[in-house]
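Here is a short briefing on the fold and the ligand surroundings. Look over the structure first, then read the notes by topic.

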Amino acid sequence: MLKHVDRRGLLLGVILMGLVWTPLYAEEANVNPGINQYYYDAEFERWVSVFERPGRELYDKRQEIVQALGLQPGMAVADIGAGTGLFTRLFSGKVGVQGRVYAIDISENFVRSIEAMARQQGLDNIQGIVNTDKSTGLPASSIDLAYLADTYHHFEYPRTMLASIHAALREGGQLVIIDFRKQPGVSSSWVMSHVRADKNTVIQEVESAGFKLIADSDLLETNYFLSFIKRDTQ
Ligand SMILES: C[S@@+](CC[C@H](N)C(=O)[O-])C[C@H]1O[C@@H](n2cnc3c(N)ncnc32)[C@H](O)[C@@H]1O
């Protein structure tokens, strides 16, 4: 009789462990299959005319955005999803010769073009990284700021990328996310169908990945601008 009860207890324990373990450690499913298909072999000049065009809020307000980040000489900053390098170039001047800007993108064409532009313009503190869709490619504790402009909604594996960003940040490091507001009845139909998550969902996802929201700026209209600090543990 006792043996029978013991066996049932053991079985129950195994089932419970499975229930806890699976959501925590199971490989994340792709939440956005195909969203980056145009970027992998992107033609650089074509995308300059998309990302760096007057009328795009992030382009029109680029100086104010950079100002609000409060970058200091000597900082190490990662522009994750750097695209055509719009922000990478601006960060370069702010962190100066002692600092470093990592231009990180899954698109090799984007990264190689940013590197070529940096060489031409003598911006020696820019380093390109062609990353994977699951990792920043950065060493652990190597950056002070991770910056995502219009990129979080392009993450196919957001939980895995957030864990990688968390590991790359130094103690007290920050994560800034600028992305489209998704508001039914207000946002365009393109935003409603293209952007996966609204601001509150993003805050929840990021906080459960080991970050704490420290600022929610209203600098921008069609985009939100969130700042998080790395908590000690995930
Ligand atoms: C809409 S663009 C934004 C480019 C730039 N941040 C800007 O605002 O001009 C999104 C970029 O994110 C990149 N991307 C998508 N998933 C990524 C990932 N997991 N890691 C790094 N870059 C990624 C894409 O290749 C693309 O260049």
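**Sheet and ligand shell**

Seven strands build an open sheet with mixed pairing, ordered 3-2-1-4-5-7-6. Strand 3 and strand 6 (211-217) are its edge strands, and each pairs on one side only. Neighbouring strands of this sheet are turned by 20° against each other on average, with direction ignored. The model is predicted.

**Strands 2 and 3**

- Strand 2 (residues 100-105) pairs with strand 3 (residues 126-130) in the parallel sense.
- Five bridges join strand 2 to strand 3.
- Tyr102 has Gln127 of strand 3 as its bridge partner.
- Ile104 faces Ile129, again in strand 3.
- Helix 6 (residues 108-121) forms a β-α-β unit with strand 2 and strand 3. The unit is right-handed.

**Helix 9 and the strands it crosses**

- Helix 9 (residues 199-207) lies across strand 5 (169-180), strand 6 and strand 7 (223-230).
- Relative to strand 6, helix 9 runs at about 150°.
- Strand 6 is also an edge strand of the sheet. In the strand order, strand 5, strand 7 and strand 6 come at the end, as 5-7-6.

**Ligand surroundings**

- The ligand has 22 residues around it.
- Tyr39, Gly81, Gly83, Ala149 and His154 come nearest to the ligand.
- By class, the shell holds twelve nonpolar residues, seven polar residues and three charged residues.

Terms used:
Residues are numbered from 1 along each chain as its sequence is written. This is a predicted model: local features need pLDDT of at least 70, side-chain atom pairs count only at pLDDT 80 or more; totals for chains, interfaces and linings use all residues. Two strands pair if DSSP finds at least two bridges between them. Helices (H or I, at least four residues) and strands (E, at least two) are DSSP runs, numbered from the N terminus. A crossover is right-handed if, with the strands pointing away from the viewer, the path from the first strand over the helix to the second runs clockwise. A residue is near a molecule or strand if its C-beta atom, placed from the backbone, lies within 6 Å of it. Ala, Val, Leu, Ile, Met, Phe, Trp, Tyr, Cys and Pro count as nonpolar, Asp, Glu, Lys and Arg as charged, and the others, Gly among them, as polar. Axes are lines fitted to C-alpha atoms, for helices over the stretch in contact, and angles run from 0 to 180 degrees between N-to-C directions. Two residues are in contact if their C-beta atoms, placed from the backbone, lie within 7 Å.
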